[in-house]
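Colleague: Could you take a close look at one part of this protein for me, the nonpolar core, and tell me how the rest of the chain is arranged around that part? I would enjoy a connected account.

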Amino acid sequence: QVQLVESGGGLVQPGGSLRLSCVASGSIFRIVAMGWYRQVPGKQRELVAQRTAGGSSEYADSVKGRFIISRDNAMNPVYLQMNSLKPEDTGVYYCSGKIYSSMTTWDEFWGQGTQVTVSS
């Protein structure tokens, strides 16, 4: 089994910055992609940023130019640097990993979520 643990959430004023971290552990054979999703009450979980093992990155339009997803060489941990935060960035941020736990078996794993609140 694979576990993802996020850290780094909290309360920040508009215009401030936060850095989220996600560490994957357990039965990891190969990481295909790691990403961050955001969920607010009453809405579906949405992709914020994703980075693949091949080095490509994808961002939601609402965070382009403000957020940066990065990783260590082994794709673990993965980070989300959030700058120029806005109240609409508020939500629970979940780390996601598309991970092979063996040579032939992969699944998408999720962390428990970390709350980010942007408010004055």
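Modeller: Happy to; here is the overall fold, then the core, and then a few residues outside that part.

Please keep in mind that this is a predicted model. The secondary structure comes to 11 strands and 0 helices, so from the N terminus on the elements run β-β-β-β-β-β-β-β-β-β-β. The C-alpha trace spans about 50 × 25 × 20 Å along its principal axes. The radius of gyration is 14 Å, which agrees with the value near 14 Å that a compact globule of 120 residues would have. Of those 120 residues, 40% count as buried. Among contacts between residues at least 6 apart in sequence, 55% join residues at least 24 apart.

Now to the core itself. The largest nonpolar core has 27 residues, and the members that touch the most other members are L4, M34, W36, L80, M82 and Y93. Two or more residues each come from β1 (2–7), β3 (18–26), β4 (30–39), β5 (46–52), β7 (67–71), β8 (78–82), β9 and β11 (114–118). The largest share, 4 residues, is given by β3. As background, nonpolar side chains tend to be buried together in soluble globular proteins.

M34 is a good residue to zoom in on. This methionine sits in strand β4, and M34 counts as buried because its relative accessible area is 0%, where the cut-off for buried is under 20%. Leaving aside neighbours within four places in sequence, M34 is in contact with L4, C22, Q50, R51, I69, M75, V78, C95, S96, G97 and I99. By contrast with these contacts, the C-alpha atoms of M34 and G16 are separated by 24 Å, with their positions 18 residues apart along the chain.

L4 gives the view from the other side of that contact. Not counting residues up to four places away in sequence, L4 touches C22, V23, A24, M34, C95, S96, G97, I99, F109, W110, G111 and Q112.

What about a serine in β3, the strand that gives the core its largest share? S21 is in strand β3, and at 16% relative accessibility S21 counts as buried. Beyond residues up to four places away in sequence, S21 touches V5, E6, S7, W36, V78 and Y79. W36 in that list is one of the core members that touch the most others.

Moving on to the loops, S84 is found between β8 and β9. With a relative accessibility of 40%, S84 counts as partly exposed. The backbone deserves a glance here: S84 has a positive phi of about 50° although it is not a glycine. For reference, most residues other than glycine have a negative phi.

M103 makes a nice counterpart to M34. M103 lies in the loop between β9 (91–100) and β10 (106–110), and this methionine counts as exposed because its relative accessibility is 64%, whereas M34 is buried at 0%. The C-alpha atoms of M103 and S27 are separated by 11 Å, and these two residues are 76 apart along the chain.

Finally, the surface. The protein exposes about 6,200 Å², of which carbon and sulfur atoms supply 49%. There are 11 positive and 9 negative side chains, and the centres of the two sets lie 3 Å apart.

Note on methods: Residues are numbered from 1 along each chain as its sequence is written. This is a predicted model: local features need pLDDT of at least 70, side-chain atom pairs count only at pLDDT 80 or more; totals for chains, interfaces and linings use all residues. Side-chain values use heavy atoms; hydrogens and water are left out. Buried means under 20% relative accessible area, exposed over 50%, partly exposed in between (1.4 Å probe, protein chains only). The radius of gyration is taken over C-alpha atoms; the globule rule is 2.2 Å times the number of residues to the power 0.38. Contact means heavy atoms within 4.5 Å. Accessible areas come from the Shrake-Rupley method with a 1.4 Å probe; for residues, only the protein chains shown count as cover. Lys and Arg count as positive and Asp and Glu as negative; His and the chain ends are not counted. The place of a charge is taken as NZ of Lys, CZ of Arg, CG of Asp or CD of Glu. A nonpolar core is a set of buried Ala, Val, Leu, Ile, Met, Phe, Trp, Tyr and Cys residues joined through side-chain atoms within 4.5 Å.
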